[in-house]
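Welcome to this guided tour. Please have your viewer ready, and follow along one selection at a time.

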Amino acid sequence: MTISHRIRNRLGLGLVAVSLLSGTALAQDMPAPFNNPGDVEIALVRYLSTGDFFQAYLSGVETQAAALGVNLRVLDSRQDAALQADMVDQAIALGVDGIIIQHGLTESMKEAAQRAVDAGIKVVAFDVNVENQAVPQIEQSDRDLARLALEQAIKDNGESFRAGYVYVAGIAPLDRRDETWREFKEKYPGIEEVAQFGTMDNPIANSVANQARSVVTANPDITVMFAPYDEFAKGVKIAVDEAGLTSSVKIYSADISTSDIAAMREPGSAWVATAATNPAVVGEVSVRALAMMLAGEDPGASVIVPPTLITQADLLDKNITNMEELGSNLPQFAHADVATPDWMPLPEGRE
Amino acid sequence: MTETLATTPTARPRAPLNLRNVLIRYGFVTLLLGLIIFFSAMTRGFASPQSAVFVLQSVSITGILALGVTATLVVGGFDLSIGSVATTAMMASSYVMVVMGGDAVTATLACLAIGVVVGLINGVLIVYMRVPDLLATLGMMFLLVGLQRIPTEGRSIATGMSMPDGSVANGTFSPEFLALGRHRFDFFLPSLLPVSVVVLIALAVVIWFFLEHTRFGRMMYAVGSNERAAQLAGAPVNAYKIGAYVISGVFASIGGILLAARLGRGDIASGNNLLLDAVAAALIGFAVLGASKPNAFGTAIGALFVGVLLQGLTMMNAPYYTQDFVKGAVLVVALVFTFALSKRGKR
Amino acid sequence: MVEEAMFRVEGLRKSFGTIQVLDGVDLDLRAGSVTVLMGANGAGKSTLVRIVSGVYSRDAGTMTLAGRNYDPTTPAEAMRAGVVTVHQNINDGVVADLDVATNLMLDRLSGKGARWFFNRRRVYSEAREVADRMGLAFDLRANINELTLAERQMVAIARAMSREPQVLILDEPTSSLSSAEADRLFALVNRLKTRGVAILYISHRMSDIRRLSDKIVALRDGHISGVFEGPELDYEGAVNAMLGRRVGRGDLAVSEGGDTVFTTKNLQIAPGAKPFALNLRRGEVVAITGLVGVGKTVLAEILFGARKPISGEMRLNGRPYAPRSTHQAIGAGVFLVAKDRSDSGIVPDFNIYENVSLPFLRRFSPYSVSNRKAERLRARQQISELGIVCRTERDDMSTLSGGNQQKVMVARWMSQKAELLILDEPFQGVDIAARRDIGNKLRVSAGERATLVFLTEIDEAFEIADRILVMSEHTIVGEHRNSNVDVTQLLAEIAGQHKVTNLD
């Protein structure tokens, strides 16, 4: 671990301030190197950054880093795979202690991650497989997401129904959710998929609404729409409302945002349930897993952040209108008990 | 040849009504009718008033954008910024209502103002700064994609969202505004015509009348066909060009308003797909009735064509990538109609 | 003179659709001889040139070059075989944005066996050689865009010469050259003649034809209507053969004009130019003549509000007139039939009546809503008054011959009452018959307004003007009433003060 004196001097003041303001645990209680957290620097190298999910993920990373008192450096490649690899090299050159790789392409990140590992830097990866034994994977379990939503669909609608399915192939999380959907169709032969559609043309919700409108017109007997991505679900909901089929179709989805909550809370909304992992929690877990490695502990080859099922009934009964209220009213959504050794300081309000 | 004076006609007679000319003139309209019949036969529920209205609704936003870009094509320009103008207007209306707590009128006016301002800037860049139209509007596109993220630091806007300063935005989309996306007028059948379709039809008629039947429209065509000749015929060429970009900007912002009203939130989006679909509709319009030039009627038919195709294909369960393929194929065929077959295109 | 034909065309036929454009054309070109091809617009000259230069394919007939079969399928092939054409449209002959030297060397840079690397010094030295041979004194580094039309034409011709052609076709090469520049061209043609090049020269200009021709071939309605050779060429006979009728110079009833419509005082149109006065009367046709580039178009544009004068004042019907835009000029009743109709006049996407009504749409459009019926009615009147040959007023401009296109431009500006009608080179690229129609119409209708015509050709001025003004160095240097004009004096005024700065 080599931190140049220059960086140390430059960052010194700010880091002192950070460590004073944050951190619920006393630095002395933490294992090295966190007994002196101001000297620890970690980098977040991002591939995707625009959108609510990624904003929330970043805020999770930031709060957990602050709780630990370490210095965080954010490098954002804005969907430029080559640039992202360069940024890893940049982080290596800066002499950071740990790197979180957030999304990216296996092809471009595999070598970059290896170079970081070779430089003695601890690396974790979120939602990108860098094919490296030394790099633990942080995952939100897409299979679990799909499973929770579909189990709720079966609970609500029985084991046989006519379904519409929104899917675009070639996008890794959607592909994993698709595997679960196929397992369910096999397991419950009563589920009949009468239409499959989907598009990533943006604004996605608008484009999907146009498609879904055609689908429900052609297949007015659909009772369940499985839209395992909230933009898809939003589009399907618009189409179902426009077609006047709000009461006869139920939408099951994955992911959540404040505007999704509003859409689900609408009176009689067709969007009845979604399964979601709190992206902020994923961000926190990413930092905690990295911290464990820095402290010499093993978080395991893959760190899975479990999802939460959120139903319309939950939102209405507990009067939840935004993400903050969701976190405070559904504790399992606000915090995942993953990568939490005793010494690990948690952000305020998390237990 | 008989003994003739030198002034005897040497003009070539007009092209006779042969197969090629019939094809150029009515090919696309026939194809559209054929498609409608095909889809009606192949799918359940295609041939119904609701379905017809839905086709219009699905193309209303791109159609409105396409009508706007038609105005810039008429003066020989191009506007790549329309997609991002629409999404910026969507963000702006959401911001006005959700964050600032404004009402529907304020939100709408804010959007229209954005359209006018962007159009003016585009026009001034192109006319007075002599930036080529594609480059000026490309720059504007990037600028707007970035600008719409600044107030919320890249978050989408919805009621209850937390702002960069930690406060929570408590405004809501006003019901009147949402009605723009959701209300339906009775038309033969109860609750048949959505507002967006009415707006599309109204704007199509307005821009068609403006371009075809007013002297301003005619002058815009003259500017697009021979700028210097138009100037020497007394046309204030610069004003017409700037005006065309303002029309384009305003139409795009109207599209953005309808988009926001339909989605009920402000989504971060580049609007590139809106741009591409709109441009495709306008270019397909060149081929309608053998016009070989940008025209409002053709643009409307072009948009309808894309809408019919996409709805029909979706109803037949065709995956999305085949739809892109078909859209592209239609565009290529339309361009062949325009440039290779028509006699104007030859020159 | 060599007896055997260097280039021979026999029984050439070509039709477009149902129109027979060339109907069995025979043509011999001898080495070291200039054959002039005369023909009214639409006679088939351009088609013949395009077939010979490999642009069009022929329907029937044979072509031989130096006794061998000549059958080019592309212009490049024709060029390699030794048949080089300088087209009428100058901008086809030069590449804008490149400098003069590169333009001169373009074919060597891109042809077969061209070097891979662009050696600037070599290109410049070779270009200098070509330019010297041609007597061009241009700055070889100058960008083509900076040159005048005439200078570009010189470059295009020089470029054609650099290919050492066996057959050179010049398609109306002098149509935009001043007489000094034309002289240089003629000298060059003579030089090529002595080197044994067979030259086909297409022109409307009798002065060119008189100076150059060894043989005249008249083309009419797609066939050869007359061949004239021998020591004494029958020019009048050639014109007759071309037109199928006798053109004589009309005897003008020179008018003094009525009340004064337009005056200028101390008008200075270019920095350093001498200010001058103009006085234009109703019912009078005034021609301003002068070489290319002496400020005729500048003056036309100033009068029309498209350009600002350096200083001086203008009055229209006694009131101050200072148009800030063409729009204001039109509103005041000052109209301009601009030079170069395809660039500055015709709206190609518009049909005849839309082109005619363009500047006056406001008058045709109550509440700004256009009234096409009224526009068409007015256009139909103009079509019959000017004898525009077309099917209907809805014909596309592209279906009209050059002369008829020009008539539409004139019809546009005569469709409404003008106080001052200005025409800048209205006979450019117009056949003689159309020129007479336009000229007659101008004179017949002249009583309503003042008429000012800018002309480079003195003959044209004699044909239509009551009064002839001479322009040189951006000012008026002479004035003549068009009866018993002292031609020597006139020519002296045109040429006398003209410094041939950039050519000698």
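Two residues are in contact here if their C-beta atoms, placed from the backbone, lie within 7 Å. With that in mind, colour the model by chain, remembering that it is a predicted one. Chains A and C share no contact, and their closest C-alpha atoms are 35 Å apart. Two pairs of chains do touch, and the pair with the most contacts is B and C.

**Stop 1: where chain B meets chain A**

Select chains A and B together. Here 32 residues of chain B are in contact with 31 residues of chain A. Which elements of chain B give two or more residues to this side? They are α2 (49-74), α10 (237-263) and α12 (296-315) of chain B. Colour the residues on the side of chain B that touches chain A by type, and you will find 11 nonpolar, 16 polar and five charged.

**Stop 2: the two domains of chain A**

Now hide chain B and stay with chain A. Give one colour to domain 1 (5-140 + 279-306) and another to domain 2 (142-276). The C-alpha centres of these two domains of chain A lie 34 Å apart.

**Stop 3: three strands of chain A**

Next, select residues 122-126 and 137-140 of chain A, which are strands β4 and β5. These strands pair in the parallel sense over two bridges. To see the pairing up close, pick A125(A), whose bridge partner in β5(A) is Q137(A). Then add strand β11 (residues 302-305) of chain A, which runs parallel to β5(A) and is joined to it by four bridges. For a residue pair to look at, take E139(A) with its bridge partner I304(A) in β11(A).

**Stop 4: helix α5 of chain A**

Move on to residues 142-157 of chain A, helix α5. Try a distance between its end C-alpha atoms: they are 22 Å apart, which agrees with the 22 Å that 16 residues should span at 1.5 Å a residue. Which residues of α5(A) are buried? They are D142(A), D144(A), L145(A), A146(A), L148(A), A149(A), L150(A) and A153(A). An α-helix has 3.6 residues a turn, so residues three or four places apart point the same way. To see what covers the buried residues of α5(A), show elements of chain A including β5, α6 (172-187) and β8 (224-227). Also part of that cover are β9 (250-254), β10 (271-276) and β12 (308-311) of chain A. Just after α5(A) comes G158(A), with a positive phi near 85°.

**Stop 5: a sheet in chain C**

Finally, switch to chain C, which has 19 helices and 20 strands. Of its 504 residues, 50% count as buried. Among contacts in chain C between residues at least 6 apart in sequence, 69% join residues at least 24 apart.

Look for the open sheet of six strands in the order β6-β7-β8-β3-β9-β10 (chain C), where the pairing is mixed. At its edges stand β6 (83-86) and β10 (223-229) of chain C; each has a single partner strand, so one side of each is left without a neighbour in the sheet. On average, neighbouring strands of this sheet are turned by 20° against each other, direction ignored.

Within the sheet, select β3 (residues 33-39) and β9 (residues 215-220) of chain C, a parallel pair over five bridges. V36(C) stands opposite I216(C) in β9(C). For the last view, add helix α1 (residues 45-52) of chain C, which lies across β3, β6, β7 (167-171), β8 (198-202) and β9 of chain C. This helix, α1 of chain C, runs at about 150° to β7(C).

How values were computed:
Residues are numbered from 1 along each chain as its sequence is written. Chains are lettered from A and ligands numbered from 1 in the order in which they are written. This is a predicted model: local features need pLDDT of at least 70, side-chain atom pairs count only at pLDDT 80 or more; totals for chains, interfaces and linings use all residues. Ala, Val, Leu, Ile, Met, Phe, Trp, Tyr, Cys and Pro count as nonpolar, Asp, Glu, Lys and Arg as charged, and the others, Gly among them, as polar. Two strands pair if DSSP finds at least two bridges between them. The expected span of a helix is 1.5 Å times one less than its number of residues. A residue is buried if 20 or more other C-beta atoms lie within 10 Å of its own, exposed if 12 or fewer, and partly exposed in between; C-beta atoms are placed from the backbone. Axes are lines fitted to C-alpha atoms, for helices over the stretch in contact, and angles run from 0 to 180 degrees between N-to-C directions. Domain bounds come from an automatic or database domain assignment.
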